[in-house]
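Work through the following exercises with the coordinates open beside the text. Each task is followed by a solution that proceeds step by step.

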Amino acid sequence: MQPTISIPQHWGYPRFALDQRTEQGTILGLYYYPSGTELAEQFDEGWRYVLMPNKNSDETSYLQENQIQPLSPEELFSQIRAEIDFHQQQIAILQQQLAIVTGGFTNA
């Protein structure tokens, strides 16, 4: 079963999704300031996003929708390809280590 999130009909739909990669980082969370609330009066109504600019840091940023730029398809492809290549290298290293430990005998 897919997890679902219900958004009230009178709220606009968020432009960005959880875990989406953007120029500013990966989206970790989102929240909404509904109209007629004190927060919306102070900071404008609408969606706010929590982003992690670097996955190797605990730094986060909080941005409005208009402050976020999506990655181009080419940039997204390049990021994902680099991550796949990194993980494939890690797998190769682990396979070498496993072969040493088992004397070359594996069930793979």
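Helices (H or I, at least four residues) and strands (E, at least two) are DSSP runs, numbered from the N terminus. This is a predicted model, in which local features need pLDDT of at least 70 and side-chain atom pairs count only at pLDDT 80 or more, while totals for chains, interfaces and linings use all residues. Residues are numbered from 1 along each chain as its sequence is written, and side-chain values use heavy atoms, with hydrogens and water left out.

**Exercise 1. Overall layout**

Task: State how many helices and strands the protein chain has, and in what order the elements run.

Solution. Begin with the count, which gives two helices and four strands in the protein chain. Next, read the elements from the N terminus, which yields the order β-β-α-β-β-α.

Task: Find the radius of gyration of the protein chain and set it against the value for a compact globule.

Solution. The radius of gyration is taken over C-alpha atoms, and the globule rule is 2.2 Å times the number of residues to the power 0.38. For 108 residues the rule puts a compact globule near 13 Å, whereas the protein chain has 21 Å. As a second step, take the box along the principal axes, where the C-alpha atoms fill roughly 70 × 30 × 25 Å. Then turn to burial (buried means under 20% relative accessible area, exposed over 50%, partly exposed in between, with a 1.4 Å probe and protein chains only): buried residues make up 19% of the 108 residues. Finally, with contact meaning heavy atoms within 4.5 Å, residues 24 or more positions apart account for 39% of the contacts that have a separation of 6 or more.

**Exercise 2. A residue in strand β1**

Task: Decide whether Thr 22 is buried or exposed, and identify which residues it is in contact with beyond its neighbours within four places in sequence.

Solution. First locate Thr 22, which is found in strand β1 (residues 21–22). Its relative accessibility is 4%, and Thr 22 therefore counts as buried. Leaving aside the neighbours within four places in sequence, Thr 22 is in contact with Phe 16, Ile 27, Leu 51, Ile 68, Gln 69 and Leu 71. The side chain of Thr 22 also reaches the backbone oxygen of Gly 25, at 2.7 Å.

**Exercise 3. Salt bridges**

Task: Determine how many salt bridges a search of the whole structure finds, and which residues are linked in a network.

Solution. Side chains of opposite charge can pair when their charged atoms come close. The criterion here is a side-chain nitrogen of Lys or Arg within 4 Å of a carboxyl oxygen of Asp or Glu, and the search of the whole structure finds three salt bridges.

1. Arg 21 forms a salt bridge with Glu 83, with the closest N and O atoms 2.9 Å apart. This pair links distant parts of the chain, since Arg 21 is in strand β1 and Glu 83 in helix α2, 62 residues apart.
2. Lys 55 and Glu 83 meet through their side chains in a salt bridge of 3.9 Å, N to O. Lys 55 lies in the loop between β3 (46–52) and β4 (61–64) and Glu 83 in helix α2, so the pair ties together parts that are 28 residues apart in sequence.
3. Arg 81 and Asp 85 meet in a salt bridge of 3.0 Å, N to O. Because these two residues are four apart in helix α2, Arg 81 and Asp 85 are separated by about one helical turn.

Collecting the pairs, Arg 21, Lys 55 and Glu 83 are linked in a network of salt bridges. Within the network, Lys 55 is exposed at a relative accessible area of 54%, while Arg 21 counts as partly exposed at 25% relative accessibility and Glu 83 counts as partly exposed at 27%.

**Exercise 4. Backbone angles**

Task: Examine phi of Asp 19 and phi of Asp 44, and say where each residue lies.

Solution. Most residues other than glycine have a negative phi. Phi of Asp 19, however, is near 70°, a positive value in a residue other than glycine; Asp 19 lies in the segment before β1 and is exposed, with a relative accessible area of 60%. Phi of Asp 44 is likewise positive, near 80°, and Asp 44 has its place in the loop between α1 (38–43) and β3.

Terms used
Polar contact = N/O pair within 3.5 Å; in protein donor to acceptor, adjacent residues only side chain to side chain.
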